[in-house]
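Q: Please take a close look at one part of the structure shown below. I would appreciate a single connected account that begins with one residue and then follows its surroundings outward.

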Amino acid sequence: MDKPTAWEKILEHLKSRIDERDFETWFRDTKQRHETPEVISVQVRAPLYVSWISENFASQISESAQLAGLGGREIRFGADGDASSTVAAAKGPALVRKKAGALNPAYTFENFVTGNSNRLAHAAALRVAEHGTRQYNPLFVCGGAGLGKTHLMHAIGHRRLSRQPGDKVVYLTSETFVNEVVLGVRFNRMEAVRQRLRAADILLLDDVQFVIGKEASENELFNTFNALYDDGHQIVFSSDVLPREIPGLNERLKSRFEGGLIVDIQPPELETRVAILRQKAEARQIALDDDVSFFLALKIKTNVRQLAGYFERVAIFSEMRGEPISLDLAKEALKDVLRDAEQTASPAEIIRAVGAHWGLKPTELKARTKKEQIVFPRQVAMYVLKETTSLSLPEIGRLFGDKHHTTALYSIRKIAARREEDSEFNRLVTGFISQYR
Ligand code: ADP
Ligand code: MG
């Protein structure tokens with residue numbers, strides 16, 4: 001075996017820090033081009049990968065570089081000869097160099113799609129950006145990976161700067177915060193770090209759960225919080241779990257985190273996922289048909305980053321091919337990353353997936369009942385099975401608790417008719433079908 005390159009060492013750590021499928025999509029084909037004591041240069045598949053990687057995975061990459069003992073290096077990504085973008089693996093006191101301008105211009109309220117899953121978080125974020133109130137201080141935004149916490153925090157920063165251009169907005173990832181404290185202590189410049197933090201009119205601290213368990217940083221966070229809070233300055237935290245679920249969180253910080261408003265972001269429902277895809281496509285001025293957006297939105301349910309990543313992959317594929325995006329093209333672009341199981345789903349999986357759209361378990365779909373909220377999803381499931389498998393009507397009937405084949409036939413006719421009348425419903429069904437065919 002050859003010795004691993006620096007980039008391979010980084011990948012080793014990165015692998016466990018990001019979603020497996022994201023890793024496959026964005027990093028599998030990356031290769032180290034060359035390496036100097038300052039710079040690691042990495043080859044990616046196409047120029048568009050460069051911006052996607054640096055926008056979405058910069059912090060995980062720099063974290064992985066640190067874990068691999070390569071913390072001081074700059075990492076440059078490029079495709080075929082150009083070294084366009086750079087992800088700097090954190091070195092030195094980043095806080096001092098970083099301006100509020102470090103906000104990602106793509107993460108604005110205008111680009112944030114709302115739905116039931118995130119409406120409250122969005123409203124609270126907007127409120128805090130525009131007014132800042134005691135009641136909402138701190139604002140604690142909680143939600144799973146890739147659901148838009150970081151996006152909202154940057155949006156708050158942008159909005160505040162546009163409303164109050166003189167305000168000092170400080171956005172920090174928790175790693176940067178911890179690094180600052182560690183370096184501040186080591187180089188005896190804690191006072192400067194403190195001054196800068198406490199000058200903030202609004203402090204946005206992302207992924208605060210990473211601070212917990214690091215004693216010096218926890219203390220500094222507590223003191224910073226108190227100083228800002230007492231001066232009436234706004235603080236916003238994000239975390240992947242609720243304060244009471246952060247392991248090892250001490251009481252005094254917990255009571256601070258819980259002292260304002262806690263809002264959570266849930267995985268987006270189908271309509272919102274589709275709307276997000278439409279928005280991403282529009283922003284890139286790419287035409288995206290409904291059958292493709294429903295196909296993607298039905299594949300990826302719990303992580304917007306991944307959803308957007310799949311869209312991006314399809315867009316890149318279409319560009320490289322010189323063909324417009326179609327359902328077939330999307331399927332081909334994603335064939336390496338979509339699990340085989342998803343390509344050839346069993347009837348049981350189809351029933352589960354259709355039921356899940358209405359929050360129903362397979363056993364509920366099969367229950368002996370005439371309640372409309374069960375009957376209708378059951379009819380849809382029957383219809384989708386008819387369209388995507390070679391099962392006969394009697395076989396389909398049997399899958400739903402021994403229904404007669406005429407029941408199956410009636411169901412299928414009813415859904416076919418409804419598809420003609422209701423275009424939104426039609427899109428939903430088309431999405432199911434294209435997912436399993
Ligand atoms: P988190 O910080 O919760 O892990 P991010 O804020 O980094 O998630 O979001 C991941 C990606 O998904 C980003 O590209 C972001 O723009 C996008 N995204 C998430 N939620 C939305 C939304 N509601 N509307 C538009 N884009 C979204
Ligand atoms: Mg985040």
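A: In this predicted model, Asp-167 is in contact with Arg-160, Leu-161 and Asp-201, once its neighbours within four places in sequence are set aside. With Arg-160 there is also a polar contact, side chain to side chain, at 3.0 Å. Asp-167 itself belongs to the loop that joins helix 7 (149-163) to strand 6 (169-173). Its relative accessibility is 18%, and it therefore counts as buried, the limit being under 20%.

The strand that follows this loop leads into the sheet. Strand 6 is one of five strands that form an open sheet with parallel pairing, in the order 6-7-8-5-9. Strand 6 and strand 9 (261-265) are the edge strands, each pairing on one side only. From one strand to the next, the twist averages 15 degrees. Within the sheet, strand 5 (residues 139-143) pairs with strand 8 (residues 234-239) in the parallel sense, over four bridges. Phe-140 takes part in this pairing, with Phe-237 in strand 8 as its bridge partner.

Two helices can be placed against these strands. Helix 6 (residues 119-130) packs on the sheet, where it touches strand 5, strand 7 (202-206), strand 8 and strand 9. The direction of helix 6 makes about 135 degrees with that of strand 9. Helix 8 (residues 174-186), in turn, lies across strand 6 and strand 7 and runs at about 90 degrees to strand 6.

The loops attached to these helices hold two backbone features of note. Most residues other than glycine have a negative phi, and most peptide bonds are trans. In the loop between helix 6 and strand 5 lies Pro-138, and the peptide bond that leads to Pro-138 from Asn-137 is cis, with omega near 0 degrees. Asn-188, in the loop between helix 8 and helix 9 (190-198), has a positive phi of about 60 degrees although it is not a glycine. Asn-188 has a relative accessible area of 74% and so is exposed, the limit being over 50%.

Helix 7, on the other side of the Asp-167 loop from strand 6, also takes part in the surroundings of the ligand. Helix 7, helix 12 (270-283) and helix 14 (304-321) each supply at least two residues of the shell around ligand 1. There are 19 residues around ligand 1, and those that come nearest are Val-113, Gly-146, Lys-149, Thr-150 and His-151. A polar backbone atom of Gly-146 is 2.7 Å from an oxygen atom of ligand 1. For Gly-148, a backbone N or O atom lies 3.1 Å from a ligand oxygen atom. Thr-150 contributes through its side chain, a polar atom of which lies 2.7 Å from an oxygen atom of ligand 1. On its own, ligand 1 has 550 Å² of accessible area, and the protein covers 95% of it.

Helix 12 also borders a further loop. Gln-285 is found between helix 12 and helix 13 (290-299); although not a glycine, Gln-285 has a positive phi of about 55 degrees. Gln-285 is exposed, with a relative accessible area of 76%.

Buried Asp-167, at 18% relative accessibility, may finally be set beside another buried residue, Phe-432, whose relative accessible area is 1%. Phe-432 lies in helix 22 (residues 423-436). Not counting residues up to four places away in sequence, Phe-432 touches Leu-298, Ala-353, Val-354, His-357, Trp-358, Val-380 and Val-384.

Technical notes
Residues numbered from 1 in each chain as written. Chains lettered and ligands numbered in written order. Predicted model: local features only at pLDDT ≥ 70, side-chain atom pairs only at ≥ 80, totals over all residues. Heavy atoms only, no water. Buried < 20%, exposed > 50% of the residue type's maximum accessible area, 1.4 Å probe, protein only. Polar contact = N/O pair within 3.5 Å; in protein donor to acceptor, adjacent residues only side chain to side chain. Contact = heavy atoms within 4.5 Å. Pairing = 2+ DSSP bridges. Axes fitted to C-alpha atoms, helices over the stretch in contact; angles between N-to-C directions. Near = heavy atom within 4 Å. Areas by Shrake-Rupley, 256 points an atom, 1.4 Å probe, with all protein chains shown as cover.
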